[in-house]
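Let's take a walk through a protein together. Keep the picture open while you read, and look for each residue as it comes up.

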Amino acid sequence: DCHEDRHQGQLVQDCGSCHAEQAWTPVPFDHDSARFRLDGAHVGVPCERCHLQEQTAAGARFRRYRPLAVDCGSCHGPEGGPP
């Protein structure tokens with residue numbers, strides 16, 4: 001159970017790079033090092049708003065981290081407003 005791929009192949013397999021080994025809690029992610037920087041109004045958006053929960057055909061639930069679109073229209077629609 002501890003060594004199954006809970007992220008469905010989306011992330012590097014060095015679990016310690018995102019999780020604290022003692023409590024196995026996620027460490028804060030630095031979005032400045034990602035393709036999509038969080039600035040302006042994006043800073044206050046909860047992670048779950050973009051990183052949605054999905055389910056595999058076998059029924060395993062996981063959170064989508066990549067790939068995610070980074071263009072404005074993918075979240076804000078053709079008019080540029082909130083979804």
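Before we start naming places, here is how the elements get their labels: helices (at least four residues) and strands (at least two) are DSSP runs, numbered from the N terminus. With that in hand, we can say that Gln-10 sits in the segment before H1. Keep in mind that this is a predicted model. Averaged over the protein chain, the pLDDT is 81, and 88% of the residues reach 70 or more.

Now for the overall layout. The protein chain has two helices and two strands, and going along the sequence they come in the order α-β-β-α. Confidence varies between these elements: strand E1 (residues 53-55) has the highest mean pLDDT, 93, while helix H2 (residues 73-76) has the lowest, 84.

How much of the chain is buried? Of the 83 residues in the protein chain, buried ones make up 6%. The protein chain exposes about 6900 Å², and carbon and sulfur atoms supply 57% of that area. As for contacts between residues at least 6 apart in sequence, 30% of them join residues at least 24 apart.

Back to Gln-10, which gives us a nice example of a buried residue. Its relative accessible area is 6%, so it counts as buried, the limit being under 20%. What does Gln-10 touch? Leaving out residues up to four places away in sequence, Gln-10 touches Phe-62, Arg-63, Arg-64, Tyr-65 and Arg-66. Two of these partners can be described in finer detail. A polar atom of the Gln-10 side chain lies 2.6 Å from the backbone nitrogen of Tyr-65, and the side chain of Gln-10 also reaches the backbone nitrogen of Arg-66, at 2.9 Å. You can trace the link with Pro-67 too: Gln-10 and Pro-67 are 57 residues apart along the chain, yet their C-alpha atoms are separated by 7.7 Å.

Next stop, His-51. Find it in the loop between helix H1 (47-50) and E1. Is His-51 buried or exposed? With a relative accessibility of 13%, which is under 20%, His-51 counts as buried. Setting aside neighbours within four places in sequence, His-51 is in contact with His-31, Arg-63, Arg-64, Tyr-65 and Leu-68. Some of those names should ring a bell: Arg-63, Arg-64 and Tyr-65 are also among the residues that Gln-10 touches.

Finally, the cysteines. A disulfide is a covalent bond between the sulfur atoms of two cysteines. Here, a pair counts when the sulfur atoms are within 2.5 Å, and by that rule there are zero disulfides. Cys-72 is in no disulfide, because its nearest cysteine sulfur, that of Cys-75, is 8.7 Å away and the cut-off is 2.5 Å. Cys-75 is in no disulfide either, with the sulfur of Cys-50 nearest at 5.0 Å. Cys-72 counts as exposed, at 61% relative accessibility, whereas Cys-75 counts as partly exposed, at 37%.

Key
Residues numbered from 1 in each chain as written. Predicted model: local features only at pLDDT ≥ 70, side-chain atom pairs only at ≥ 80, totals over all residues. Heavy atoms only, no water. pLDDT = per-residue confidence, 0-100. Buried < 20%, exposed > 50% of the residue type's maximum accessible area, 1.4 Å probe, protein only. Contact = heavy atoms within 4.5 Å. Polar contact = N/O pair within 3.5 Å; in protein donor to acceptor, adjacent residues only side chain to side chain. Areas by Shrake-Rupley, 256 points an atom, 1.4 Å probe, with all protein chains shown as cover.
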